Amino acid sequence: MVDPKGSHCPTISYRPIQPLDLAVLEKIHGDLFPIRYEPEFFLNVVHHTNIVSWGAVDRGRSDGRSNELIGFVTARVVAADQSEQIGDMLRRDSLKTDKTLVYILTLGVVKSYRNLGIASVLVREAINYAANIVSCRGVYLHVIAYNKSAIGFYKKMSFNCARRLENFYYINGHHYDAYLFVYYVNGGRSPCSPLDLVATLVTCLRNLCKSLTARLRTDDEKRITRWSKFRESTCLLLTQNKRIISTDNGVCQYV
Ligand SMILES: CC(C)(COP(=O)(O)OP(=O)(O)OC[C@H]1O[C@@H](n2cnc3c(N)ncnc32)[C@H](O)[C@@H]1OP(=O)(O)O)[C@@H](O)C(=O)NCCC(=O)NCCS
């Protein structure tokens, strides 16, 4: 294993992610995250299909892998009015149909290269990218509630913890809360006028009703049909506000 803090001096360089990164990108995701992503996700990343990404490599490596990814961030641009969780939080006057947000899908740095500032540079790239889109009002992401280092990292990067989303993830039979972090750009801000707050409250109540109804419906369905479907591998279908996860034990799950 390469020890960047020991024998050699790392020379970190940043570049776009390319098709030649496919295998390594997939391996690092497998190593760092508790869920497996669809092969289509990686293809979209390396071919830049609706996904923007930045990679980090260590040019100082003498093992012939000086162009191999050691860190990455992947993100995509989404319409603000299609993003319930965060769209509600923007000022109402900026919440017009043409407004966008940048959603960070994945961020990771190989363990032996952590705390060298690599993720900071990658996230800064995503923020700069967002700030250069005139219609964009913020960068946002979800962090699973137990991931203390990522939470510490985003706080250090001046992201605001906007809310805690109960049971956002359902992985291997367990529910986990998530934190929604946001970094506002181009004047995007959370609502602050009394009218904005009332509007946000109404939307929150509406969402609560929706989720209660959905939960009741799911409970009913569970009572009627108990099923299990076995699959060979884990997979994650990423959508903007919903994560559909299936696990090794084969039970398809969604949040
Ligand atoms: C989170 C992660 C991307 C950070 O990568 P990194 O390259 O080590 O990050 P950086 O070196 O740029 O910054 C690390 C900073 O976070 C801070 N940090 C890390 N863990 C922390 C904690 N538990 N509490 C407070 N701050 C913390 C460090 O103090 C450091 O700040 P400093 O530069 O002022 O010393 C990396 O730990 C990782 O890949 N984790 C696994 C995958 C993951 O969890 N991804 C995020 C999912 S949303």
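Before anything else, my ground rules: two strands pair if DSSP finds at least two bridges between them, and helices (H or I, at least four residues) and strands (E, at least two) are DSSP runs, numbered from the N terminus.

I'm working on a predicted model, where local features need pLDDT of at least 70, side-chain atom pairs count only at pLDDT 80 or more, and totals for chains, interfaces and linings use all residues. Residues are numbered from 1 along each chain as its sequence is written.

**Sheet.** I traced an open sheet of seven strands with mixed pairing, in the order E1-E2-E3-E4-E5-E7-E6. E1 (12-15) and E6 (160-171) each have a single partner strand, so one side of each has no neighbour in the sheet. I then checked E2 (52-58) against E3 (69-79): they are antiparallel, over six bridges. Val52 has Ala75 in E3 as its bridge partner.

**Ligand.** I looked up the residues around the ligand (C-beta atom, placed from the backbone, within 6 Å of it) and got 20, with Arg114, Ala119, Ser120, Ser149 and Gly152 the closest. H5 gives the most to this shell, six residues.

**Odd phi values.** Most residues other than glycine have a negative phi, hence my interest in two asparagines. Asn50 has phi near 60 degrees and sits in the loop between H2 (39-46) and E2. Asn172, at about 45 degrees, is in the loop between E6 and E7 (174-184).

I also checked exposure (other C-beta atoms within 10 Å of a residue's own, placed from the backbone: 20 or more is buried, 12 or fewer exposed, in between partly exposed). Asn50 has 10 such neighbours and counts as exposed; Asn172 has 13 and counts as partly exposed.
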